[in-house]
Amino acid sequence: MNFEQLVYIVEIAKTGSIVSAANKLHVSQAGISKALSNLEAELKIKLFKRSRNGTFPTEEGKDLIKKAHEIVIKLEAFKEEAKIQTSLINDELKVSTTPGLFVPIIKTLPLFKKAFPNVNIEIIEGTAGNVVQNVKKNNINLGLVFLNDHIYQDENLEYEKMFDAQLVVSVNKNSPLAHRKTLTPHDLGEQSLVIYNGENMIIFVQELFKKYNTPMHILFKSNDVEGIIRTVVEDLAIGFKLDYGLRNEPYFQSDNIVHIPLYDDGPIIASFGWIRSKNQLFSISAKEFLKYFKYNVSNINW
(Lines give C-alpha, C1' and ligand atoms only; values in the text may rest on other atoms or scores of the structure.)
Protein backbone atom coordinates (compact mmCIF):
# COMPACT_ATOMS: atom_id res chain seq x y z
CA MET A 1 0.00 0.00 0.00
CA ASN A 2 1.23 3.50 -0.79
CA PHE A 3 0.01 7.07 -0.50
CA GLU A 4 -0.80 7.35 -4.23
CA GLN A 5 -3.24 4.46 -3.95
CA LEU A 6 -5.08 6.25 -1.15
CA VAL A 7 -5.23 9.43 -3.24
CA TYR A 8 -6.62 7.42 -6.17
CA ILE A 9 -9.46 5.77 -4.23
CA VAL A 10 -10.43 9.06 -2.60
CA GLU A 11 -10.66 10.77 -5.99
CA ILE A 12 -12.59 7.87 -7.55
CA ALA A 13 -15.10 8.10 -4.69
CA LYS A 14 -15.45 11.86 -5.21
CA THR A 15 -15.96 11.70 -8.97
CA GLY A 16 -17.73 8.34 -9.27
CA SER A 17 -15.51 7.54 -12.25
CA ILE A 18 -12.04 6.07 -12.82
CA VAL A 19 -11.74 8.11 -16.02
CA SER A 20 -12.63 11.39 -14.26
CA ALA A 21 -10.28 10.60 -11.37
CA ALA A 22 -7.45 9.85 -13.79
CA ASN A 23 -8.03 13.13 -15.63
CA LYS A 24 -8.20 15.11 -12.38
CA LEU A 25 -4.97 13.56 -11.08
CA HIS A 26 -3.19 13.69 -14.47
CA VAL A 27 -2.43 9.96 -14.53
CA SER A 28 -3.41 7.27 -17.02
CA GLN A 29 -6.67 5.38 -16.69
CA ALA A 30 -4.75 2.11 -16.93
CA GLY A 31 -2.39 3.21 -14.15
CA ILE A 32 -5.16 4.15 -11.74
CA SER A 33 -7.11 0.95 -12.53
CA LYS A 34 -4.06 -1.21 -11.88
CA ALA A 35 -3.31 0.63 -8.62
CA LEU A 36 -6.92 0.06 -7.48
CA SER A 37 -6.82 -3.64 -8.37
CA ASN A 38 -3.51 -4.09 -6.54
CA LEU A 39 -4.87 -2.35 -3.43
CA GLU A 40 -8.07 -4.42 -3.43
CA ALA A 41 -5.99 -7.60 -3.80
CA GLU A 42 -3.71 -6.56 -0.94
CA LEU A 43 -6.63 -5.72 1.37
CA LYS A 44 -8.71 -8.68 0.14
CA ILE A 45 -11.71 -6.32 -0.03
CA LYS A 46 -13.68 -5.02 -2.99
CA LEU A 47 -13.61 -1.24 -2.51
CA PHE A 48 -15.74 -0.26 -5.52
CA LYS A 49 -18.51 -1.69 -7.64
CA ARG A 50 -18.42 -0.81 -11.32
CA SER A 51 -21.49 -0.26 -13.50
CA ARG A 52 -22.58 1.64 -16.58
CA ASN A 53 -23.53 4.52 -14.31
CA GLY A 54 -20.09 4.84 -12.75
CA THR A 55 -17.77 3.48 -10.07
CA PHE A 56 -19.12 3.66 -6.53
CA PRO A 57 -17.91 2.47 -3.09
CA THR A 58 -19.11 -0.88 -1.81
CA GLU A 59 -20.55 -1.10 1.68
CA GLU A 60 -17.26 -2.63 2.85
CA GLY A 61 -15.27 0.06 1.10
CA LYS A 62 -17.08 3.13 2.43
CA ASP A 63 -15.40 3.19 5.87
CA LEU A 64 -11.96 2.45 4.44
CA ILE A 65 -12.29 5.18 1.81
CA LYS A 66 -13.39 7.62 4.52
CA LYS A 67 -10.27 6.76 6.56
CA ALA A 68 -8.13 7.08 3.43
CA HIS A 69 -9.59 10.56 2.88
CA GLU A 70 -8.66 11.55 6.43
CA ILE A 71 -5.09 10.32 5.88
CA VAL A 72 -4.79 12.21 2.60
CA ILE A 73 -6.04 15.44 4.17
CA LYS A 74 -3.64 15.10 7.12
CA LEU A 75 -0.64 14.46 4.89
CA GLU A 76 -1.52 17.41 2.66
CA ALA A 77 -1.85 19.55 5.78
CA PHE A 78 1.59 18.32 6.89
CA LYS A 79 3.07 19.39 3.55
CA GLU A 80 1.35 22.79 3.82
CA GLU A 81 2.74 23.31 7.31
CA ALA A 82 6.23 22.56 5.98
CA LYS A 83 5.73 25.28 3.38
CA ILE A 84 4.87 27.96 5.90
CA GLN A 85 7.73 26.96 8.19
CA THR A 86 10.13 27.76 5.36
CA SER A 87 8.11 30.82 4.18
CA LEU A 88 7.82 29.28 0.73
CA ILE A 89 4.05 29.33 0.22
CA ASN A 90 3.42 29.35 -3.50
CA ASP A 91 -0.29 28.82 -3.73
CA GLU A 92 -3.57 29.91 -5.28
CA LEU A 93 -6.32 31.13 -2.98
CA LYS A 94 -9.89 31.88 -4.10
CA VAL A 95 -12.12 33.82 -1.71
CA SER A 96 -15.76 34.59 -2.47
CA THR A 97 -17.82 37.17 -0.59
CA THR A 98 -21.03 39.14 -0.61
CA PRO A 99 -20.67 42.85 -1.51
CA GLY A 100 -21.00 44.14 2.04
CA LEU A 101 -17.75 42.53 3.21
CA PHE A 102 -15.52 44.12 0.59
CA VAL A 103 -14.28 46.90 2.88
CA PRO A 104 -12.51 44.61 5.40
CA ILE A 105 -11.23 42.41 2.56
CA ILE A 106 -9.64 45.36 0.77
CA LYS A 107 -8.04 46.43 4.06
CA THR A 108 -6.73 42.88 4.54
CA LEU A 109 -5.12 42.40 1.13
CA PRO A 110 -2.06 44.72 1.40
CA LEU A 111 -0.83 43.18 4.66
CA PHE A 112 -1.51 39.63 3.51
CA LYS A 113 0.24 40.14 0.15
CA LYS A 114 3.23 41.69 1.89
CA ALA A 115 3.57 38.63 4.16
CA PHE A 116 2.83 36.08 1.42
CA PRO A 117 3.82 37.58 -1.95
CA ASN A 118 3.82 34.18 -3.66
CA VAL A 119 0.16 33.49 -2.96
CA ASN A 120 -1.98 34.28 -5.99
CA ILE A 121 -5.26 35.42 -4.43
CA GLU A 122 -8.52 35.99 -6.31
CA ILE A 123 -11.53 37.74 -4.74
CA ILE A 124 -14.91 36.82 -6.26
CA GLU A 125 -18.08 38.78 -5.49
CA GLY A 126 -21.43 37.01 -5.52
CA THR A 127 -24.76 36.54 -3.83
CA ALA A 128 -24.85 34.59 -0.58
CA GLY A 129 -26.38 31.62 -2.40
CA ASN A 130 -23.65 31.64 -5.06
CA VAL A 131 -20.93 31.82 -2.42
CA VAL A 132 -22.31 28.79 -0.57
CA GLN A 133 -22.75 26.73 -3.76
CA ASN A 134 -19.22 27.51 -4.98
CA VAL A 135 -17.80 26.47 -1.62
CA LYS A 136 -19.74 23.19 -1.68
CA LYS A 137 -18.57 22.49 -5.24
CA ASN A 138 -14.93 23.14 -4.18
CA ASN A 139 -14.68 25.98 -6.73
CA ILE A 140 -13.36 28.33 -4.05
CA ASN A 141 -11.37 27.90 -0.84
CA LEU A 142 -13.23 30.28 1.44
CA GLY A 143 -16.61 31.97 1.55
CA LEU A 144 -17.36 35.05 3.65
CA VAL A 145 -21.12 35.29 4.20
CA PHE A 146 -24.14 35.85 6.40
CA LEU A 147 -24.53 32.68 8.48
CA ASN A 148 -28.00 31.14 8.33
CA ASP A 149 -29.72 27.91 9.38
CA HIS A 150 -28.91 26.20 6.07
CA ILE A 151 -25.19 26.67 6.75
CA TYR A 152 -25.46 25.62 10.40
CA GLN A 153 -27.22 22.39 9.40
CA ASP A 154 -25.06 21.43 6.40
CA GLU A 155 -22.79 18.55 7.38
CA ASN A 156 -20.48 19.22 4.43
CA LEU A 157 -19.61 22.74 5.58
CA GLU A 158 -17.30 24.02 8.28
CA TYR A 159 -18.01 27.53 9.54
CA GLU A 160 -16.98 30.06 12.15
CA LYS A 161 -18.75 33.23 13.25
CA MET A 162 -16.55 36.33 13.13
CA PHE A 163 -18.87 39.18 14.11
CA ASP A 164 -22.49 40.24 14.57
CA ALA A 165 -24.25 43.16 12.92
CA GLN A 166 -27.45 44.96 13.88
CA LEU A 167 -30.21 45.83 11.42
CA VAL A 168 -30.96 49.56 11.21
CA VAL A 169 -33.56 51.57 9.33
CA SER A 170 -32.31 54.48 7.22
CA VAL A 171 -34.75 57.40 7.05
CA ASN A 172 -34.68 60.98 5.86
CA LYS A 173 -33.89 63.47 8.65
CA ASN A 174 -37.32 65.09 8.11
CA SER A 175 -39.21 61.80 8.38
CA PRO A 176 -41.68 61.51 11.30
CA LEU A 177 -39.61 58.49 12.35
CA ALA A 178 -36.32 60.38 12.54
CA HIS A 179 -36.69 61.30 16.23
CA ARG A 180 -37.24 57.69 17.34
CA LYS A 181 -34.50 55.87 19.28
CA THR A 182 -35.66 52.45 18.03
CA LEU A 183 -38.25 51.09 15.60
CA THR A 184 -40.17 47.84 15.12
CA PRO A 185 -41.59 46.41 11.87
CA HIS A 186 -45.04 47.46 13.10
CA ASP A 187 -43.89 51.12 13.02
CA LEU A 188 -43.04 50.80 9.32
CA GLY A 189 -46.39 49.58 8.02
CA GLU A 190 -47.31 52.85 6.30
CA GLN A 191 -43.85 53.48 4.86
CA SER A 192 -42.57 52.88 1.34
CA LEU A 193 -39.52 50.63 1.43
CA VAL A 194 -36.42 50.35 -0.73
CA ILE A 195 -34.48 47.14 -0.18
CA TYR A 196 -31.07 45.93 -1.27
CA ASN A 197 -31.70 43.10 -3.72
CA GLY A 198 -29.81 40.44 -1.78
CA GLU A 199 -31.56 37.17 -1.01
CA ASN A 200 -30.74 37.19 2.71
CA MET A 201 -31.80 40.80 3.21
CA ILE A 202 -35.10 40.24 1.41
CA ILE A 203 -35.91 37.09 3.40
CA PHE A 204 -34.80 38.81 6.61
CA VAL A 205 -37.18 41.74 6.10
CA GLN A 206 -40.08 39.64 4.77
CA GLU A 207 -40.01 37.34 7.81
CA LEU A 208 -40.08 40.30 10.19
CA PHE A 209 -43.08 41.92 8.53
CA LYS A 210 -44.85 38.56 8.36
CA LYS A 211 -44.31 38.06 12.10
CA TYR A 212 -45.95 41.40 12.87
CA ASN A 213 -48.68 40.85 10.25
CA THR A 214 -47.68 44.22 8.82
CA PRO A 215 -48.12 44.88 5.06
CA MET A 216 -44.95 45.67 3.13
CA HIS A 217 -45.00 48.57 0.66
CA ILE A 218 -41.88 47.99 -1.46
CA LEU A 219 -41.04 50.86 -3.78
CA PHE A 220 -38.23 48.85 -5.42
CA LYS A 221 -35.38 46.38 -4.86
CA SER A 222 -31.95 47.17 -6.21
CA ASN A 223 -28.25 46.31 -6.08
CA ASP A 224 -27.40 49.97 -6.66
CA VAL A 225 -26.38 51.19 -3.18
CA GLU A 226 -26.01 54.80 -4.34
CA GLY A 227 -29.50 54.69 -5.86
CA ILE A 228 -30.99 53.31 -2.65
CA ILE A 229 -29.37 56.05 -0.57
CA ARG A 230 -30.49 58.72 -3.06
CA THR A 231 -34.08 57.47 -2.66
CA VAL A 232 -33.81 57.88 1.13
CA VAL A 233 -32.17 61.30 0.80
CA GLU A 234 -35.06 62.43 -1.41
CA ASP A 235 -37.49 61.13 1.26
CA LEU A 236 -39.16 58.80 -1.25
CA ALA A 237 -38.73 55.69 0.89
CA ILE A 238 -36.92 54.23 3.90
CA GLY A 239 -34.14 51.66 3.62
CA PHE A 240 -32.51 48.88 5.59
CA LYS A 241 -28.85 48.40 6.40
CA LEU A 242 -26.74 46.26 8.69
CA ASP A 243 -24.78 48.63 10.90
CA TYR A 244 -21.30 47.20 10.29
CA GLY A 245 -19.31 49.36 7.95
CA LEU A 246 -21.59 52.40 8.09
CA ARG A 247 -18.64 54.63 8.91
CA ASN A 248 -16.58 53.12 6.11
CA GLU A 249 -19.16 53.54 3.34
CA PRO A 250 -19.33 57.14 2.05
CA TYR A 251 -22.83 56.71 0.56
CA PHE A 252 -24.20 56.40 4.09
CA GLN A 253 -22.51 59.56 5.40
CA SER A 254 -25.18 61.99 4.24
CA ASP A 255 -26.32 64.57 6.80
CA ASN A 256 -29.83 64.02 5.45
CA ILE A 257 -30.03 60.42 6.69
CA VAL A 258 -30.69 59.06 10.17
CA HIS A 259 -30.00 55.41 11.01
CA ILE A 260 -32.31 53.92 13.68
CA PRO A 261 -31.91 50.41 15.21
CA LEU A 262 -34.74 48.01 14.36
CA TYR A 263 -35.96 45.96 17.32
CA ASP A 264 -37.97 42.76 17.69
CA ASP A 265 -38.02 41.93 21.41
CA GLY A 266 -34.44 43.22 21.35
CA PRO A 267 -31.89 44.21 18.67
CA ILE A 268 -32.18 42.31 15.38
CA ILE A 269 -28.82 40.69 14.84
CA ALA A 270 -27.23 38.97 11.83
CA SER A 271 -24.06 36.90 12.18
CA PHE A 272 -21.25 36.87 9.61
CA GLY A 273 -18.41 34.43 9.26
CA TRP A 274 -16.37 32.18 7.02
CA ILE A 275 -17.38 28.86 5.49
CA ARG A 276 -15.45 26.14 3.70
CA SER A 277 -16.00 22.65 2.34
CA LYS A 278 -14.99 19.80 4.65
CA ASN A 279 -14.08 17.85 1.50
CA GLN A 280 -11.28 20.25 0.63
CA LEU A 281 -7.92 20.79 2.28
CA PHE A 282 -7.93 23.72 4.69
CA SER A 283 -4.78 25.20 3.20
CA ILE A 284 -2.19 27.19 5.10
CA SER A 285 -2.77 30.18 2.80
CA ALA A 286 -6.51 30.13 3.63
CA LYS A 287 -5.80 29.94 7.36
CA GLU A 288 -3.28 32.78 7.17
CA PHE A 289 -5.68 34.95 5.16
CA LEU A 290 -8.33 34.43 7.84
CA LYS A 291 -5.90 35.53 10.56
CA TYR A 292 -5.32 38.83 8.76
CA PHE A 293 -9.02 39.23 7.92
CA LYS A 294 -10.11 38.64 11.52
CA TYR A 295 -7.56 41.17 12.73
CA ASN A 296 -8.92 43.84 10.37
CA VAL A 297 -12.53 43.05 11.23
CA SER A 298 -11.77 43.45 14.95
CA ASN A 299 -9.96 46.75 14.38
CA ILE A 300 -12.27 48.45 11.87
CA ASN A 301 -14.14 51.34 13.44
CA TRP A 302 -17.56 49.90 12.62
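Phe-112 is buried, with a relative accessible area of 0% (buried means under 20%, exposed over 50%, partly exposed in between, for a 1.4 Å probe and protein chains only). The model is predicted: local features need pLDDT of at least 70, side-chain atom pairs count only at pLDDT 80 or more, and totals for chains, interfaces and linings use all residues. Residues are numbered from 1 along each chain as its sequence is written, and side-chain values use heavy atoms, with hydrogens and water left out.

**Aromatic rings**

A pair of aromatic rings is described by the distance of the centres and the angle of the planes. Rings of Phe, Tyr and Trp (its six-membered ring) pair if their centres lie within 6.5 Å; planes under 30 degrees apart count as stacked, over 60 as edge-to-face and the rest as tilted. This rule gives nine aromatic pairs. One of them joins Phe-112 and Phe-116, a tilted pair with 5.3 Å centre to centre and 45 degrees between the planes. Phe-116 is buried as well, at a relative accessible area of 13%. In Phe-289 and Phe-293 the ring centres are 6.2 Å apart and the planes lie at 20 degrees, so this pair is stacked. These two residues are four apart in helix H10 (residues 284–299), which separates them by about one helical turn; helices (H or I, at least four residues) and strands (E, at least two) are DSSP runs, numbered from the N terminus. Both Phe-289 and Phe-293 are buried. Together with Tyr-292, the residues Phe-112, Phe-116, Phe-289 and Phe-293 form one aromatic cluster.

**Contacts of Asn-296 and Lys-287**

Asn-296 also lies in helix H10, and its side chain reaches the backbone oxygen of Tyr-292 at 3.1 Å. The charged end of Lys-287 sits over the ring of Phe-282, 5.3 Å from the ring centre (NZ of Lys or CZ of Arg within 6 Å of the ring centre and within 35 degrees of the ring normal).

**Accessibility and location**

The table lists three residues by location and accessibility.

| Residue | Location | Relative accessible area | Class |
|---|---|---|---|
| Asn-296 | helix H10 | 10% | buried |
| Leu-64 | helix H4 (residues 59–85) | 34% | partly exposed |
| Asp-255 | loop between strand E9 (238–242) and strand E10 (257–261) | 72% | exposed |

The C-alpha atoms of Asp-255 and Val-233 are separated by 9.0 Å, and the two residues are 22 residues apart along the chain.

Notes
A polar contact is a pair of N or O atoms within 3.5 Å; within protein, one must be able to donate a hydrogen and the other to accept it, and residues adjacent in sequence count only if both atoms are side-chain atoms.
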